[in-house]
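Reader: Hello! Could you take me on a close look at one part of this model, and then show me what lies around that part?

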Amino acid sequence: MSTAIEASGVTIRYGRKTAVDDVSLSVQPGSVYALLGRNGSGKSSLIRALLGQLRTDRGSANLLGEDAWTHRRRLMDRVGVVPEEADAPPEMRVGELAWFSSRLYSRWAQNAFDERMDRFGIAQRARFGELSKGQKKQVSLALALAIRPELIVLDDPTLGLDVVARKSLFEEVIADMADRGLTVFITTHDLGPVEAIADRVGILKDGRLVLDEDVETLKARFRRIRVSSQPAVLAEANLVTASVRRWGNGTEAVVSNYDDLQFARMRDAEELTAADVTPLSLEEIFIAVTGEAGA
Amino acid sequence: MIHDTMVIAMRELRERVRLFWMAAALALVPFAIAAVPTARGNRPLTIAVAAGVLGLAFVFGVALALGVSVIGRDLAENRLSFYFAKPLSPAALWTGKAIASLITIASVALIVILPGRLAGAQAWSGAWAGEGRPLVSLLTAIALSLFFGTHALATMVRSRSVFIAFDFVLAVLAVVSILAILMPLVVASQLEFARPLLKALGASVLVVLACAPMWQLAGGRTDKRRNHVALSKALWSGIAVVILVAAGYATWLRSAPLPGLKINAIEQTSGGRRVFIMGEAPSRRGFPTEFIVDPVTGVRDRVSTPGWRQRRLSDDGRVTAWTEADSFLKFDRLRLYVRNFDEVRSANEATPITLSFVGNFALSPDGTRVATAERDTIAVYELPSGRLIAAAKSTSEWPVRQLFFATRDVVRIIGADYRERPGLTMSIEELDVRSRRLTKSAEVAIGSRYRGAVTSDDASRMLLRQTFTVVDGRTGDAIAVLPVKPSSYYSAAMLRDGTLVAATEGVMHVFDRDVKPSREINIPPGKHVVTGQIGESAVMLQSKAGVTVVDLARGAVRYTVPNVKGPGVFWSPSLRLLRYADDAVMTGVERPAKLVTWDAQTGKKRDLPM
């Protein structure tokens, strides 16, 4: 198995609307891939296709080396899923959910599930529908991890969670990853924590994958530059701007091909009175790339 | 898959524990009703009725609710991903959910009905007369249809897709196709073929409805619209296959060839130019099949509705008329069709005249008029235009058994009870087409049963078959009783000129119009029935040994065609004896099943050209 996830030219349409447009990406085993995008950018559709829940109109989606649509049943024994919206039947008790899963998965770890429930303080007799949003996510995560997955897919797992719950959720995933070299595919709007754990990041915009890169490389080439001259100097220095705005009498820009040497040459050549460079967070890069505020 | 199916089924059943408790509570209601003072009169009956009604209502309600929610609820609430994120096949998911639902339906039925059934004891049979397998099968079929049908409908409606318009069109097409397959069988009164075919069609559609959701989930998985599309594809493909197979079967049934037919009856026009050959096709499960055959050339047409309902032949043999449902949307009324064999390319011609299933009619001797009797209304129309010439209400208390044109302008109507009992009478009425008046002319004693009558060309006299009495055709006044006892009710007849013949063992007795003996002619031994006359003076007899033609003028048997069953029907809708032309080519079936013809004059036999 060379890749944990391999999407090649995936296109998904709903009637005339194209939700996912010719997306190709790959996720290496043991890595964390963060798929970012605004609401309606096609993240959930892509995830459903990767999980074999939605047939692609074009292209292929492979999980753990096998076609996700054709071999979904077999693959799901090795893949843990935390859905965006808790989808377990509301009338089922937490213990019943565990019982149900234990009958279907070949590597079910009841102890691990019980332990997490104890840690989260969730009673096994509680009905799923009566749990808080955060507790539902915790149960979903516990169910996904109790199958000892090789790959875990987290579809916006922190949506609607408070700060403590978010922190707790990421700690669970990170802890398990550290233990077992789990592959993680995550979509989230919570870019802070994901920046710390993601190896690679992809950004979907209007169904197209506009960025797919290692986080370190990404952060290395994106910089915010403030100069005391007009934006033309950036272009003359062959710096590609992702966003540009006025900064006093000068210019503030986010460049996507920052290079120390090139920046130094530009500063010297233009004899700039003020020129400074600051690194960007993942959230800032996301905003620059998508051109809109808020993930 | 079985393991996964059971896991799903157990999960679903756990979820429905409340339903079982509700059913248990409902089972007590009939006993509570029976405890009410006003209902105490017949306590077991009250319990039986209440348990049955509540049980059926609850079971059908549960079937409906489960059908709507079994997949539809998860689909609507976007919860199917819960199952599809697990190592479960779509087949296991559907089968598990369906099994749990069916177990639930059966269980609540037992819980609600069984206590009432046991406590109601004998009263149960009284209240539910249809008790037994047929009723249980019917109710099971209804419950299954409700469950699987509402699942399909709920999936379609929930998708809110334009595909529902296609579903509607395809549903209409399916119903129309099924009716088109069944109606020729129904119209031909072949209910013994239509009913099992309808049952098989229903069962097959139910199987398709039960299986299609597997493809629905396999193709649609978590998406509402794709579920709808996948379901529709599976459903309508399956139903199309079922309809095609049924259509193929119905076509196969109705396409039996003439050779090999087990002949039941042969009916021939008077000139002998056309023969109706009716039989059963052993190679088609005994399906009744009928052809119109030219006995000289063997050229034949298949009659689309075998045994054309109430076929009549005009006396001159040129015109035939029959009734047939002309639309499967309106088969409570049958349309009168005519076909004129005189025309070069004779074809079935629809008239504007319609009759109910119990209506009766008669053709005028020249086939240009038709008299109809429906309930108590007698009407006369022109053919083929269907123009009404006269109509009047019958005053007889008896239903119309036979009617015929005494003359071109006078229709005579025989009314008699269908029941068999001593002291029966029959009524004779006449409708005069010119004056448009209907008058009752007689009430005649006929013994214990009406077995028909036979009359002469001028209709002045009539031989009653039950009592062998010759009566005045109009007044019913008795003229004489045959002085011999014919071998059977159909062994005596009145020829067209009023001459009477009666076959007894080895002898044919001939009487003149006034029932005076005129001749005794030796005929082959055996029981003979009179099936027609050839020309003016020959009588055709049918016995087990074959067809015998007796020449009354010569007083001798003209010829015998051995081992052959000739044309003729014992219960002729006409009151006049069938008369064939002297030069007619007669048709019959030589045992066991070979069609032959012979010259009416000489009896010279040859094979019917095939």
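Author: Happily; I will begin with a sheet and then turn to the core, one residue and the chain contacts.

This is a predicted model, in which local features need pLDDT of at least 70, side-chain atom pairs count only at pLDDT 80 or more, and totals for chains, interfaces and linings use all residues. Residues are numbered from 1 along each chain as its sequence is written, while chains are lettered from A and ligands numbered from 1 in the order in which they are written.

Here is the sheet. In chain B, four strands form an open sheet with the order 1-2-3-4 and antiparallel pairing. Helices (H or I, at least four residues) and strands (E, at least two) are DSSP runs, numbered from the N terminus, and two strands pair if DSSP finds at least two bridges between them. At the edges are strand 1 (262–268) and strand 4 (300–302) of chain B, each pairing on one side only. On average, neighbouring strands of this sheet are turned by 25° against each other, direction ignored; the axes are lines fitted to C-alpha atoms, and angles run from 0 to 180 degrees between N-to-C directions. Strand 3 (residues 287–293) of chain B pairs with strand 4 of chain B in the antiparallel sense, over three bridges. Opposite Ile292(B) stands Asp301(B), in strand 4 of chain B.

Next comes the core. A nonpolar core is a set of buried Ala, Val, Leu, Ile, Met, Phe, Trp, Tyr and Cys residues joined through C-beta atoms within 7 Å. A residue is buried if 20 or more other C-beta atoms lie within 10 Å of its own, exposed if 12 or fewer, and partly exposed in between, with C-beta atoms placed from the backbone. The largest nonpolar core has 248 residues, and Leu50(A), Leu463(B) and Val501(B) have the most contacts inside it. Helix 6 (residues 90–120) of chain B gives the most to this core, eleven residues.

For contrast, consider one residue of chain A. Arg13(A) lies in strand 1 (residues 5–14) of chain A, and is partly exposed because 15 other C-beta atoms are within 10 Å. Leaving aside neighbours within four places in sequence, Arg13(A) is in contact (C-beta atoms, placed from the backbone, within 7 Å) with Thr18(A), Ala19(A) and Asp57(A).

Finally, the chains meet: 18 residues of chain B are in contact with 20 residues of chain A. Helix 1 of chain B supplies the largest share of the side of chain B that touches chain A, five residues.

Key
Two residues are in contact if their C-beta atoms, placed from the backbone, lie within 7 Å.
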